[in-house]
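Here are a few exercises to work through with the viewer open. Try each task yourself before reading the solution under it.

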Amino acid sequence: MKIDRPIITRYKKNPILTSKDVPYPVATVHNAGIVKHDDRYIMLFRSHLVNGRSIIGRADSEDGFAFTVHPEPFLIPSTDHAFAEYEAFGVEDLRISPVENEYLLTYSAYSRHGVRIALARTSDFETVERIALITQADLRNVVIFPEKFGGRYVRLDRPHSEISPWSIWISYSPDLVHWGDSRVVMKPLAYHWDEMKIGPGAPPFRTDKGWLHIYHGVFKTMSGTVYRLGAALHDLDDPATIVGVSDGWILQPEDPWEVTGYVPNVVFTCGAVPEGDGTVKIYWGGADTVMCVGTAVIDDLVALCLSAPRPAL
Ligand code: BMA
């Protein structure tokens, strides 16, 4: 399908947040979860410390473009014995899902045992309650749908595998603690921009035609990997069914701060904010170093998923 405008229009003043904006010492600012709460945009971003391990900071904005960072980090590795063992190497890539009057926070917890996912909740971004570690090792990139289906929470995630390219799976839970009925819903496509691995990106949001999920896909080149973003549409009533996946990427590293940095050639999303005017603000980390934002027309992304889609599996 031909769309006569950029699929994502980059904000002219990118990057919108860098380590220089953070009032405590950090090396990077990237891979942030974002949500609109009480008409303010709240960004929970990842920063590498100079020891190479990550923590999560908070920044607020009135307009979704100009952010001010809070003086203290938002989330650091837990000292509570139930979590401390598994968060010892850092917390990364937090996603925010608004579900039933609260926000569910999912993030990667790193330790000598591997990477697993922790789930926490907040209703005001002031106090945070850790609920549970909801995966074993090795899983990353958990996003929770903003609605329940048949009374159950639903998540997309990405287990690691030695015998299959890393793919997107779905799981269900009655209580946020116990998850099951897992199955694979989307796989990388051979000799395609996302052939090496794919993973959930921003928590899906509702459109007329389905749940729109912006995911990341990775391609291996002779000089390293390239992380790009793609779009997939899940059935409104049955999110395990994918209605269509955009054949092409919707964003690739192009700006200097996406092409060069802590990890070159990376655009990586953990959050998008659908607006009332039919657009969506998509936020991404550039080269694991800075935060960027761009705007897309939601109907364009839906049309890309539905016209000449590539197979999901
Ligand atoms: C992935 C994760 C992301 C990161 C990306 C590119 O495996 O570690 O947090 O943005 O690699 O380095």
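## Exercise 1: Polar contacts of the ligand

In this predicted model, an oxygen atom of the ligand lies 3.3 Å from an N or O atom in the side chain of Arg 140. Find which polar side-chain atoms of Asn 31 and Tyr 227 pair up with ligand oxygen, and give the distances.

**Solution.**
1. Start from the cut-off: a polar contact is a pair of N or O atoms within 3.5 Å. The Arg 140 pair, at 3.3 Å, is your first entry.
2. Go to Asn 31, where a polar side-chain atom is 2.9 Å from an oxygen atom of the ligand.
3. Then take Tyr 227: an N or O atom of its side chain is 3.1 Å from a ligand oxygen.
4. Now check the cover. The ligand taken alone exposes 310 Å², and the protein buries 82% of that.

## Exercise 2: The shell

Work out which residues surround the ligand and how they divide by type.

**Solution.**
1. Locate the site: the ligand sits in the largest pocket.
2. Collect the neighbours, using a heavy-atom cut-off of 4 Å. You should get Asn 31, Arg 46, Asp 93, Arg 140, Lys 197, Tyr 227, Val 263, Val 266, Phe 268 and Asp 288.
3. Sort them: 4 are nonpolar, 1 is polar and 5 are charged.

## Exercise 3: The whole chain

How many helices and strands does the protein chain have, and is the chain as compact as a globular protein of that length or not?

**Solution.**
1. Count the elements: 3 helices and 21 strands.
2. Compare radii. The protein chain has a radius of gyration of 18 Å, close to the 20 Å that the globule rule gives for 313 residues, so it is as compact as a globular protein of that length.
3. Add the extents: the C-alpha trace spans about 50 × 45 × 45 Å along its principal axes.

## Exercise 4: Backbone oddities

Track down where the cis peptide bonds from Asn 14 and from Ala 137 lead.

**Solution.**
1. From Asn 14 the cis bond runs to Pro 15, with omega near -5 degrees. Pro 15 is in the loop between strand E1 (9-10) and strand E2 (30-37).
2. From Ala 137 the cis bond leads to Asp 138, with omega near -5 degrees. Asp 138 is in the loop between strand E9 (129-133) and strand E10 (139-144).

Note on methods: Residues numbered from 1 in each chain as written. Predicted model: local features only at pLDDT ≥ 70, side-chain atom pairs only at ≥ 80, totals over all residues. Heavy atoms only, no water. Polar contact = N/O pair within 3.5 Å; in protein donor to acceptor, adjacent residues only side chain to side chain. Areas by Shrake-Rupley, 256 points an atom, 1.4 Å probe, with all protein chains shown as cover. 1 Å grid on protein atoms, 1.4 Å probe; cavity = no way out; pocket = protein on both sides within 12 Å on 5 of 7 lines; lining within 4 Å. Sits in = over half its atoms within 2 Å of the grid points. Nonpolar A, V, L, I, M, F, W, Y, C, P; charged D, E, K, R; others polar. Helix = DSSP H or I, 4+ residues; strand = E, 2+ residues; numbered from the N terminus. Rg over C-alpha atoms; globule rule 2.2 N^0.38 Å.
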